[in-house]
Amino acid sequence: MSEMSLPFHVKFEPGKIRSEEWSKSIKDPEKYWDEKARALSWFRTWDKVLDDSNKPFYKWFVGGKINASYNCLDRHVVTEKKNKVAYIWEGESGEVKTVTYYQLYKEVNRFAKVLQDLGVKKGDRIALYLPMIPELPTAMLAATRIGAIHVMVFSGFSADALADRINDAGAKILITADGSFRRGKIVELKKTSDVAVEKCPTIEKVIVVKYSGQQVQMKEGRDLWYHELMSKVPSNTYVPPEPVDSTDPIFLLYTSGTTGKPKGVQHGTGGYLVWVYWTLKWAFDVNDKDIWWCTADIGWITGHSYVVYGPLLHGITSFMYDGAPDYPQPDRWWDAIERHGVTIFYTSPTAIRMFMRFGDEWVLKHDLSTLRALGSVGEPINPEAWLWYYKVVGKERCPIIDTWWQTETGGFMISPTLGIELVPLKPGSATYPLPSIVAEVYNDNGQPAPVGERGYLVIKTPWPGMLQTLWRDPERYKMVYFGRFEGIYYTSDYAIRDQDGYIWFLGRADEVLKVAGHRIGTVEIESALVSHKSVAEAAVIGKADEIKGEVPVAFVVLRSGFTPSDELKAELSKHVRATVGPIAVPADIIFVNKLPKTRSGKIMRRLLKAIVSGATLGDISTLEDGASVEEVKKALEEMGGHLG
Ligand code: WT7
């Protein structure tokens with residue numbers, strides 16, 4: 001929280017205009033959102049802005065009828081935006097394509113017809129396992145056009161992870177590609193899909209986009225080529241957008257939690273769309289001249305909200321890139337910004353730290369003068385990376401918009417606001433809550449933590465973008481988000497509020513890791529490990545990493561008959577990769593005789609953390625969990641084995 005190297009020598013306060021806007025939103029939220037929601041096109045206006053009669057199941061714009069695809073496309077194609085570019089797309093090979101709003105509109109209508117002809121109805125779930133290609137937003141919008149619910153699974157997930165999500169959602173159709181590219185190599189998406197679908201009884205059809213061009217096996221009666229289906233649909237096809245209830249789900253997106261399988265975060269249509277529209281406007285003040293680049297994969301919420309829905313609702317031009325950020329050279333992204341004239345660049349601290357490591361010369365080679373704002377998301381940004389981003393990339397001209405939010409929140413929650421008023425920035429702080437957000441830092445007892453003291457960030461009021469529930473698990477929704485502090489939304493994040501009211505994030509307070517900004521539960525990695533025949537018990541913790549923020553480290557107790565070896569380590573890594581995906585692979589696996597546990601049987605994670613961070617036994621004596629020093633010492637002895 002160093003303020004010594006601040007680039008702004010000004011008074012730190014919320015800003016008059018920003019404070020006024022926030023106060024207005026809090027004083028009368030229903031009136032506030034009644035006005036704001038009219039920025040979108042509704043088929044029927046709501047009867048009630050917010051129904052909170054069944055807390056915490058809040059309902060937004062009740063009685064309202066709306067369609068996502070209509071708001072993203074139809075309403076633009078009857079204006080001067082018709083031939084405006086929606087996406088400038090670039091593949092790893094250097095191929096560039098542009099898609100105008102009108103072209104996207106035509107494609108979406110045709111693909112909506114394809115889906116209808118395959119029997120997809122309102123409320124059906126459609127799984128998507130695709131790389132960053134224009135067919136992905138097309139499929140999402142075609143689904144929402146007919147009221148179907150899309151369930152995107154990040155294309156880096158394994159077959160098992162894909163199957164779990166498809167089965168939980170009960171998806172009828174899977175849309176995938178033959179393959180995609182990563183550092184010039186082919187990623188075999190169809191092959192992975194085939195393995196997954198074997199375990200998915202609800203899947204009726206698999207639609208395959210031809211992208212990598214390699215040979216794939218098409219299963220008779222089940223697999224269909226996207227281009228063949230589309231070629232049968234006339235180009236003038238029009239599918240009327242289904243007016244869905246504002247409270248009908250728009251999509252499910254699975255994310256990691258503390259326990260059990262990933263949670264199906266369910267977002268409602270009206271509230272979500274209104275929230276992403278306004279948050280994008282508030283934070284970045286997007287306008288018609290912008291070339292917006294959000295580098296997130298659409299497989300995560302950042303891509304849903306700010307590669308697809310937010311930019312399209314505003315009718316702006318986005319740049320979209322499929323491939324590795326440093327391929328073929330470390331200046332791939334700076335080169336893309338220069339060539340396409342990107343005006344707003346929104347990426348993760350991990351990417352920033354990686355580019356910082358490559359060296360300034362890769363950035364300085366390029367003319368980045370079109371940039372007017374820079375964004376950050378996904379994990380706390382350390383002041384050093386913030387200042388590098390600000391100076392080397394933004395030339396001290398572009399404000400850093402550090403947006404804090406979650407899959408569950410739908411859109412930005414705490415962030416500077418170019419579209420309202422820019423408050424003085426402090427490197428590493430996301431500043432203040434957006435309008436409608438009442439954020440507080442609580443201590444363990446649910447009391448506001450004193451200024452400068454670490455606590456848990458909570459949100460005390462509902463907002464339109466909040467999740468509706470967890471798919472088919474309302475009890476878990478209540479327990480996870482509103483159980484920690486009765487009736488108040490619990491974020492699971494550590495935070496500090498400073499003397500100026502600025503909020504600083506200090507990482508997750510639960511057993512969830514942020515590896516390169518990706519969210520992964522330690523339980524998922526542990527379950528993957530114990531599903532291997534050699535593993536009796538496993539405990540996974542996060543270890544600080546200079547680039548990725550944190551990386552998983554696993555402590556493993558082997559079954560009798562198995563002995564620790566480098567080969568076994570490699571095999572376990574491979575097993576985790578196959579069970580969850582590359583992001584879950586431990587940076588290190590440590591074989592131990594026994595996991596340290598308290599008398600009540602809880603794994604002493606803090607002890608494990610202390611071990612990997614190289615803490616001394618002295619520090620260890622301050623461990624919580626009610627473990628006595630004796631207990632800790634004994635545990636350490638018993639662990640024995642191959643530490644480090
Ligand atoms: C978790 C949510 C929100 C889109 C991408 C991640 C961390 C996110 C920030 C930020 C500090 C951040 C939090 C949060 N996080 N943005 N600007 N500063 N931490 O979505 O995968 O649901 O992860 O990401 O820990 O709880 P997600």
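**Close-up views of the predicted model**

**View 1. Trp293 stands opposite Phe345 in β18.** The model shown in this and the following views is predicted. The two strands concerned are β16, which comprises residues 291-294, and β18, which comprises residues 344-347. They pair in the parallel sense, and three bridges connect them. Strands of a sheet pair through backbone hydrogen bonds, in either a parallel or an antiparallel arrangement.

**View 2. An open sheet of seven strands contains the β16 and β18 pair.** The strand order is β5-β4-β17-β16-β18-β19-β20, and the pairing is mixed. At the edges stand β5 (96-100) and β20 (400-402); each has a single partner strand, so one side of each is left without a neighbour in the sheet. Direction ignored, neighbouring strands of this sheet are turned by 20° against each other on average. Helix α11, residues 332-340, packs on the sheet and touches β4 (85-91), β5, β16, β17 (317-322) and β18. The direction of α11 makes about 145° with that of β4.

**View 3. A second open sheet is formed by eight strands.** Its order is β12-β11-β8-β6-β7-β14-β15-β24, again with mixed pairing. The edge positions belong to β12 (223-225) and β24 (469-470), each of which has a single partner strand, so one side of each lacks a neighbour in the sheet. Within the sheet, β8 (residues 173-177) and β11 (residues 205-209) pair in the parallel sense over five bridges. Thr176 stands opposite Val208 in β11. Helix α6, residues 159-169, packs on this sheet, in contact with β6 (125-129), β7 (149-152), β8 and β14 (249-255). Between the direction of α6 and that of β14 the angle is about 145°.

**View 4. The ligand is surrounded by 17 residues.** The closest are Asp402, Thr403, Thr407, Lys514 and Arg519. By class, the residues of the shell divide into six nonpolar, five polar and six charged. Helix α10 (301-314) and strand β26 (503-508) each supply at least two residues of this shell.

**View 5. Nitrogen atoms of the ligand have polar partners in Gly378, Asp402 and Thr403.** In Asp402, a polar side-chain atom lies 2.7 Å from a nitrogen atom of the ligand. For Thr403, the partner is a polar backbone atom, which is 2.7 Å from a ligand nitrogen atom. Gly378 contributes a backbone N or O atom at 3.1 Å from a nitrogen atom of the ligand. On its own the ligand has 550 Å² of accessible area, and the protein covers 96% of this area.

**View 6. Cis peptide bonds precede Pro56 and Pro328.** The bond that joins Lys55 and Pro56 has an omega of about 0°. Pro56 is placed in the loop between β1 (48-51) and β2 (59-62). The bond from Tyr327 to Pro328 has omega near 0°, and Pro328 is found in the loop between β17 and α11. This loop therefore leads into the helix that packs on the seven-stranded sheet of View 2.

**View 7. Asp285 has a positive phi although this residue is not glycine.** The value is near 50°. Asp285 lies in the loop between α9 (269-284) and β16. Most residues other than glycine have a negative phi, and most peptide bonds are trans.

How values were computed:
Residues numbered from 1 in each chain as written. Predicted model: local features only at pLDDT ≥ 70, side-chain atom pairs only at ≥ 80, totals over all residues. Heavy atoms only, no water. Pairing = 2+ DSSP bridges. Helix = DSSP H or I, 4+ residues; strand = E, 2+ residues; numbered from the N terminus. Axes fitted to C-alpha atoms, helices over the stretch in contact; angles between N-to-C directions. Contact = heavy atoms within 4.5 Å. Near = heavy atom within 4 Å. Polar contact = N/O pair within 3.5 Å; in protein donor to acceptor, adjacent residues only side chain to side chain. Areas by Shrake-Rupley, 256 points an atom, 1.4 Å probe, with all protein chains shown as cover. Nonpolar A, V, L, I, M, F, W, Y, C, P; charged D, E, K, R; others polar.
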